[in-house]
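Visitor: I'd like a walk through this one, pockets and packing and strands. Can you take my questions as they come?

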Amino acid sequence: MPSTRLIDILRHYARPGELYRAVDESFIECYACGHRCKIREGRDGICKIRFNRKGTLMVPYGYSAGVQADPIEKKPFYHAFPGRKALSFGMLGCDLHCPFCQNWITSQALYRDAASAHLTPVTPQQIVQLAHTTRSRVVTSTYNEPLITSEWAVEIFKLAKKEGLACSFVSNGNAAPEVLEYLRPYLDLYKVDLKCFNDKTYRILGTRLKNVTDTIYAVHQMGIWLEIVTLIVPGFNNSESEIRAMTEFIMSVSPDIPWHVTAFHPDYKMTDNDYTTPEMLLKAARIGKESGLRFVYTGNLPGMTDRLENTYCPDCDALLIERSGFRIKQNRIQYGNCPSCQSVIPGRWE
């Protein structure tokens, strides 16, 4: 059961939202995510943090459950401002319930007593000032699912854009079209977790595969820089047929979308599961390359997957960016081009 005390505290960090419409006298429809919850007076949406108060949708505002300046490679974005910092901020809650969640302390705080989240009052101005103090190039809404706290993120992004900062989402991709249009003027970068490629499995996690694939199509069409991450979980999503279907889908959107395959470690409700091996990541990466993807990367096992942490020119195979974990050892990209053959390298460069 959710923590009553935590829910009561969160009620004080709420203001009227924008991403909803009235259905009738009894219900409002929230469209911050793909669930499109129809919420009765006095009730919450699936996420537990957006609720109906007398016909008005109340949404999270004015607090943080975590703020930290990270290398942007940790998000991971490999084709956006390499070597620069991203100021990451997050709230509480999620619209999915993945048993392998790596951020469950914040995302599942309202479902798990063991998720001992701490809240700190903060303003958008303080977040943006901290980005400057830490010399961050990007501000990133992450740690929990950012779609369900979109109004808060936009308040920060409005200020950040005026200050010349780039803005990004690290998201599960379970979006509604309306929330993407709402975010579109402010977002520069969007990372989607494509968790599997099986609709039945996605429904167990709490949504439909189509919601996520539609988001990937839409984000790419909007011109927001998109990178996709798949956490390879042994026995869950690492069959060759599923990975091939997934990479063929990404290829159908664009061969230039970077695809990251990252290693799982036992956590949350999967503490008895096996670790992802380097061989599993190498196999997934090989399938991605066979499907035609031009930029495939591995993560969470630094130094154990040959050259798959680095960026190479897809035309002449010149080394462009050399990485060790989240550290940039060298960056040879010049104004978005390969220095050897002058091919354009897709991404967001300085």
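What follows is a set of questions and answers about this predicted model.

Visitor: Let's start with the open space. What volume does the largest pocket have?
Guide: Rolling a probe the size of a water molecule over the atoms shows where empty space is left. Run on this model, that search gives a largest pocket of about 1,200 Å³.

Visitor: Which residues lie nearest the centre of the largest pocket?
Guide: The lining is made up of 47 residues. Strands 8 (66-71), 12 (166-171), 13 (189-193), 14 (225-232), 15 (259-263) and 16 (296-299) each give two or more residues to that lining, and so does helix 2 (104-107). Nearest the centre you'll find Lys74, Lys75, Gln102, Asn103 and Lys191.

Visitor: And by class, how many residues in that lining are nonpolar, polar and charged?
Guide: Gly counts as polar in this split. For the lining of the largest pocket, the tally is 18 nonpolar, 20 polar and 9 charged.

Visitor: Now the second largest pocket. Which element gives the most to its lining?
Guide: This pocket has a volume of about 150 Å³. Its lining includes Gly34, Arg36, Pro177, Leu180, Asp214 and Thr215. Two elements give two or more residues there, helix 5 (177-183) and helix 7 (209-222). The one that gives the most, with 5 residues, is helix 7.

Visitor: How many charged residues are in the lining of the second largest pocket?
Guide: Arg36, Arg208, Lys210 and Asp214 are among the lining residues, and Asp, Lys and Arg count as charged. Next to 5 nonpolar and 3 polar residues, the charged count is 4.

Visitor: Let's zoom in on one residue. Is Ala166 buried or exposed?
Guide: Ala166 lies in strand 12. Leaving aside neighbours within four places in sequence, Ala166 is in contact with Phe81, Arg137, Val138, Val139 and Asp188. Buried means under 20% relative accessible area. Because Ala166 has just 5%, Ala166 is buried.

Visitor: What separates the C-alpha atoms of Ala166 and Phe326?
Guide: Along the chain, these two are 160 residues apart. In space, their C-alpha atoms are separated by 19 Å.

Visitor: On to the packing. Which residues touch the most other members of the largest nonpolar core?
Guide: That core has 87 residues, and helix 4 (residues 150-162) provides its largest share, 6 residues. Apart from it lies another core, of 11 residues, with Tyr297, Ile321, Cys338 and Ile345 among them. Back in the largest core, the ones that touch the most other members are Phe157, Leu194 and Trp259.

Visitor: What does Leu194 touch?
Guide: Here we skip residues up to four places away in sequence. Among those that Leu194 touches are Tyr202, Leu209, Val212 and Ile216. The list also includes Ile228, Val229, Thr230, Met246, Phe249 and Ile250.

Visitor: Time for strands. Which strands stand at the edges of the open sheet with order 17-18-19?
Guide: Strands of a sheet pair through backbone hydrogen bonds, either parallel or antiparallel. This sheet of 3 strands has antiparallel pairing. For instance, 2 bridges join strand 17 to strand 18 (residues 319-324), where Tyr312 stands opposite Leu319. The edge strands have a single partner each, so one side is left without a neighbour in the sheet: strand 17 (311-312) and strand 19 (327-331).

Visitor: How many residues of strand 6 are buried?
Guide: Strand 6 (residues 56-60) is joined antiparallel by 3 bridges to strand 1 (residues 14-16), with Ala14 partnered by Pro60. Another 3 bridges join strand 6 to strand 5 (residues 51-53), again antiparallel, and there Arg53 has Thr56 as its bridge partner. Strand 6 is mostly covered, and its buried count is 4 of 5.

Visitor: Which residue has a positive phi in the turn between strand 5 and strand 6?
Guide: Those two strands form a hairpin with 2 residues between them. The residue with a phi of about 55° is Lys54.

Visitor: Last one. Which residue in strand 4 is the bridge partner of Phe27?
Guide: Strand 2 (residues 20-22) and strand 3 (residues 27-30) form a hairpin with 4 residues between them, paired antiparallel over 3 bridges. Ala22 stands opposite Ile28 in that pairing. Strand 3 also pairs with strand 4 (residues 38-40), antiparallel over 3 bridges. There, the partner of Phe27 is Arg40.

Methods:
Residues are numbered from 1 along each chain as its sequence is written. This is a predicted model: local features need pLDDT of at least 70, side-chain atom pairs count only at pLDDT 80 or more; totals for chains, interfaces and linings use all residues. Side-chain values use heavy atoms; hydrogens and water are left out. On a 1 Å grid over the protein atoms alone, a cavity is a set of points where a 1.4 Å probe fits but cannot get out, and a pocket is an open set with protein on both sides within 12 Å along at least five of seven lines; lining residues have an atom within 4 Å of a point. Grid points are joined across faces, edges and corners, and a volume is the space filled by probe spheres set on the points. Buried means under 20% relative accessible area, exposed over 50%, partly exposed in between (1.4 Å probe, protein chains only). Contact means heavy atoms within 4.5 Å. Two strands pair if DSSP finds at least two bridges between them. A nonpolar core is a set of buried Ala, Val, Leu, Ile, Met, Phe, Trp, Tyr and Cys residues joined through side-chain atoms within 4.5 Å.
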